Amino acid sequence: MEGVWVALLGLLTAGYFALAGFDYGVGLLYRFLGRDEAERARVLRAMTPFFLGNEVWLVAAVGVLFGAFPRLEGELLSEHRIAFVIVLVGLVLFTAAVQLRIGPFWDVFVVGGALVVAVGWGVLLADVLGGPPVLWAFGLVSLFLLHGAVFLAWRLDDRARVLVVARVLFAPVGLFVVAAVFLRGPVALPAVGLAGAVVALAGLAGAWFALRARAFRVAFLCTAVVCAVPALAVFGARGVVTPGVMSHTPTLQALGWVAAVVLPLVLVFQWATWRLSRAAR
């Protein structure tokens, strides 16, 4: 039973990073890529049909964390409260600004919110996995930027500038992956770090060659995998999920029925969002 809930929490968290990562990347990029208001609006519209659906993965992950791992939730919030506050502030700013944006005034909050979210997750991952917070903040910002650029290369017809940006971003992301392994703290297991680095570097290589072949969907899938790697590495870190943090069996049984209904709905909603957006293009 415990393994099932750990796997479910890992799946939801990885899904959030793999999907919402490009939301924040687009938020960070669109002022740079859009030369005027019309172009900036077009760049942002490429992302907006998806971003609320992508955030659902985080909501579901938090629900599983609170319901199935109450002690773990308490430990994480108490030990990493600053990082969680940073992420929460960024999420509120970004979500509100994207929905309320009716002119350049909101651009500060769109870009700033996306930056705060990326930095907040970087600080949190540094706390959990070990390593310099500055490195992880830089790494998550670079990774989300790359993921957003690859997404825009796939979704926009005018992609020349986006491709240039994406190619430039491969180097800092690759350096971050290597540095994260060698500068890890005592929290993360060496095998976990090495395995994650291998998967991440393979994903980056796949995305690079896919972009060169103009296989944009494949490139997007590759960068999505790279974004999911840090989230999955958390579950291999020493002491993150330990015996005794689970809820009692009756609670887990009740949550199981809820999960059996909610998880398919999340998947169907995500599929419908991408399907309808594809049809509308």
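## A nonpolar surface patch

In this predicted model, the residues V85, V89, L93, F105, V108 and F109 together make a nonpolar surface patch of about 540 Å². Two helices, α4 (81-100) and α5 (107-129), are the elements that give two or more residues to this nonpolar patch. Of the contributing elements, α4 gives the most, with three residues.

V89 may serve as a closer view of the patch, since the patch counts V89 among its members and the place of V89 is in helix α4. The relative accessibility of V89 is 43%, and V89 therefore counts as partly exposed, because that class lies between the cut-off of under 20% for buried residues and that of over 50% for exposed ones.

## T95 in helix α4

Helix α4, which gives three residues to the nonpolar patch, also holds T95. The side chain of T95 reaches the backbone oxygen of L91, with a distance of 2.8 Å. When residues up to four places away in sequence are not counted, T95 touches F51 and L52.

## R214 between α8 and α9

A further local feature concerns the backbone of R214, which lies in the loop between α8 (190-212) and α9 (216-234). Most residues other than glycine have a negative phi. R214, although it is not a glycine, has a positive phi of about 60°.

Is R214 buried, partly exposed or exposed? Its relative accessibility is 47%, and R214 therefore counts as partly exposed, the value falling under the limit of over 50% that an exposed residue has to meet.

## The protein as a whole

The protein contains 10 helices and zero strands, and from the N terminus on its elements accordingly read α-α-α-α-α-α-α-α-α-α. The helices discussed above, α4 and α5 at the nonpolar patch and α8 and α9 on either side of the loop with R214, belong to this series.

Of the 281 residues in the protein, 52% are buried. The accessible surface of the protein comes to about 13000 Å², and carbon and sulfur atoms account for 74% of that surface. As for the contacts in the protein between residues at least 6 apart in sequence, 80% of them join residues that are at least 24 apart.

Notes
Residues are numbered from 1 along each chain as its sequence is written. This is a predicted model: local features need pLDDT of at least 70, side-chain atom pairs count only at pLDDT 80 or more; totals for chains, interfaces and linings use all residues. Side-chain values use heavy atoms; hydrogens and water are left out. Helices (H or I, at least four residues) and strands (E, at least two) are DSSP runs, numbered from the N terminus. Buried means under 20% relative accessible area, exposed over 50%, partly exposed in between (1.4 Å probe, protein chains only). Patches are made of residues with over 30% relative accessible area and no salt bridge: like charges are joined within 9 Å, nonpolar side chains (Val, Leu, Ile, Met, Phe, Trp, Tyr) within 5 Å. Accessible areas come from the Shrake-Rupley method with a 1.4 Å probe; for residues, only the protein chains shown count as cover. A salt bridge is a side-chain nitrogen of Lys or Arg within 4 Å of a carboxyl oxygen of Asp or Glu. Contact means heavy atoms within 4.5 Å. A polar contact is a pair of N or O atoms within 3.5 Å; within protein, one must be able to donate a hydrogen and the other to accept it, and residues adjacent in sequence count only if both atoms are side-chain atoms.
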